[in-house]
Amino acid sequence: MKIDIVPFAEAVCQRKLGVHHAIVHCGDDVAAAFHFQPTDRRCEIHSATKSVVGLAAGMAMDEGLFTLETHPAEILSGHVPEGCDPAWQKVNVKHLLTMSSGHNRKLMDGYSLIPGTVNRDDLENKDWVNYTFSQPLDLEPGGKFVYNNSCPHLISRMITQLTGENLIDWLRPRLFDPLEIHNPQWGTDPLGYTCGPGGLMLSAEEYSRIVRLYLHQGQWKGKQLVSREYMAQAVSRQVENAAPEQADRDDASAGYGFYIWRAYRDNAYYLFGWAGQMGIVLPDYDACVTLSSYEFQTQALMDAVWETIVPQLRL
């Protein structure tokens, strides 16, 4: 199947949206591509990195390292400070994956324009796990979605604690090598551990392989890299991420899975990174759209896809 990408390119230009690369796949075939920049060099996919950590969590569970009910405070007990909020004993892996850890505010922002906000690279405490456990839990774990960069970092460090390998190294034979992502680059925390909330560098084409792995329910070239059972849970609505009266009005409030955002149209879901690093998966049409961008009007990006690309998939 071929997609006419020109209407999308025209919409992006007319609305002055900062898209760098757009790739549409139907199955594993490139149905269309448009490159607004001459080269497709690696750039940070920002918080879409969390969706890669979500894949790692599924692989870890498939290998029996932990379960959705495992308590991170037990695995990472050596980093738990004295006087730690006892509610941490209730927090489990599922709470981390669904951003419902019990915090009532964001932690470890990578970027913030709010005056006085301390970003994660500015923290005096270089042990981000210890820092996370030192923060109070004002909400019941599992009760409310509050976007939180500490959650995926705990997953990353749990895998390292249990395997003795940094997450990027543990994932090489399990994810990067099968997807032929050679010499992956991924930022670290101040102690040198793979950064869970962000920092993975991929070209748009490499990023599209991660997106297609989600489309194929964890299967790549005939090999199941992540179990279908886990993938089905990961992309389903596990927690509400908006007030009931706001749900299903835009694609940022249609529910959240395991580091995956649900869309409110066409049974779709998406990977999302700061400044428009989008991986939109449309399982009903066996298709996905990968966008590399520098654009903060996320809904405008989504709308452009639904106005120009999705109607062609429905034919």
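This passage describes the strands, helices, core and cysteines of a predicted model.

The model is a prediction, in which local features need pLDDT of at least 70 and side-chain atom pairs count only at pLDDT 80 or more, while totals for chains, interfaces and linings use all residues. Residues are numbered from 1 along each chain as its sequence is written, and side-chain values use heavy atoms, with hydrogens and water left out.

We can start with the sheets. Helices (H or I, at least four residues) and strands (E, at least two) are taken as DSSP runs and numbered from the N terminus, and two strands are said to pair if DSSP finds at least two bridges between them. An open sheet of 6 strands has the order 2-1-11-10-9-8, with antiparallel pairing. Its edges are strand 2 (29–35) and strand 8, each of which pairs on one side only. At one end of this order, strand 1 (residues 19–26) joins strand 2 through 6 bridges in the antiparallel sense, and Cys26 has Asp29 of strand 2 as its bridge partner.

Towards the other edge, strand 9 (residues 269–273) is mostly covered, with 4 of its 5 residues buried; here buried stands for under 20% relative accessible area, exposed for over 50%, and partly exposed for values in between (1.4 Å probe, protein chains only). Strand 9 pairs with strand 10 (residues 277–282) over 5 antiparallel bridges and with strand 8 (residues 261–262) over 2 bridges, also antiparallel. Tyr270 illustrates both pairings: its bridge partner in strand 10 is Ile280, and Tyr270 is itself the partner of Trp261. Both connections are hairpins. The one between strand 8 and strand 9 has 6 residues between the strands, and the one between strand 9 and strand 10 has 3, with Ala275 in the turn at a positive phi of about 70°. In the former, Asp266 has a positive phi of about 55° although it is not a glycine, and Asp266 counts as buried because its relative accessibility is 19%.

A further open sheet has 3 strands in the order 3-5-4, again with antiparallel pairing. Strand 3 (43–44) and strand 4 (185–186) each have a single partner strand, so one side of each lacks a neighbour in the sheet. Strand 3 is joined to strand 5 (residues 200–202) by 2 antiparallel bridges, with Met201 as the bridge partner of Glu44. In the loop between strand 3 and helix 2 lies His46, another residue with a positive phi of about 55° that is not a glycine; at 11% relative accessibility, His46 is buried. The loop between helix 7 and strand 4 holds Asn183, which is exposed at 54% relative accessibility. Asn183 touches Arg42 and Arg172 once neighbours within four places in sequence are set aside, contact being heavy atoms within 4.5 Å. The C-alpha atoms of Asn183 and Arg172 are 8.8 Å apart, although the two residues are 11 apart along the chain.

Turning to the helices, helix 6 (residues 150–163) has 14 residues and spans 20 Å from first to last C-alpha, close to the 20 Å expected at 1.5 Å a residue; the expected span is 1.5 Å times one less than the number of residues. Of the 14 residues of helix 6, 11 are buried, among them Cys151, Leu154, Ile155 and Met158. The buried residues pack against helix 2 (49–62), helix 3 (72–75), helix 4 (93–97), helix 5 (128–133) and helix 7 (167–176). Gly164, with a positive phi near 80°, follows helix 6.

The largest nonpolar core has 101 residues, of which Leu97, Leu171, Leu175, Trp186, Ile210 and Tyr214 touch the most other members. Such a core is a set of buried Ala, Val, Leu, Ile, Met, Phe, Trp, Tyr and Cys residues joined through side-chain atoms within 4.5 Å. Helix 2 gives the most to this core, with 8 residues. Beyond its neighbours within four places in sequence, Leu97 has contacts including Ala57, Met61, Ile155, Tyr230 and Phe258.

Finally, the structure holds 0 disulfides, a disulfide being a pair of cysteine sulfur atoms within 2.5 Å. For Cys13, the nearest cysteine sulfur is that of Cys43, 18 Å away. Why is Cys288 without a bond to Cys26? The sulfur of Cys288 lies 8.3 Å from that of Cys26, its closest cysteine sulfur, which is too far for a bond. Cys288 is buried, with a relative accessible area of 0%.
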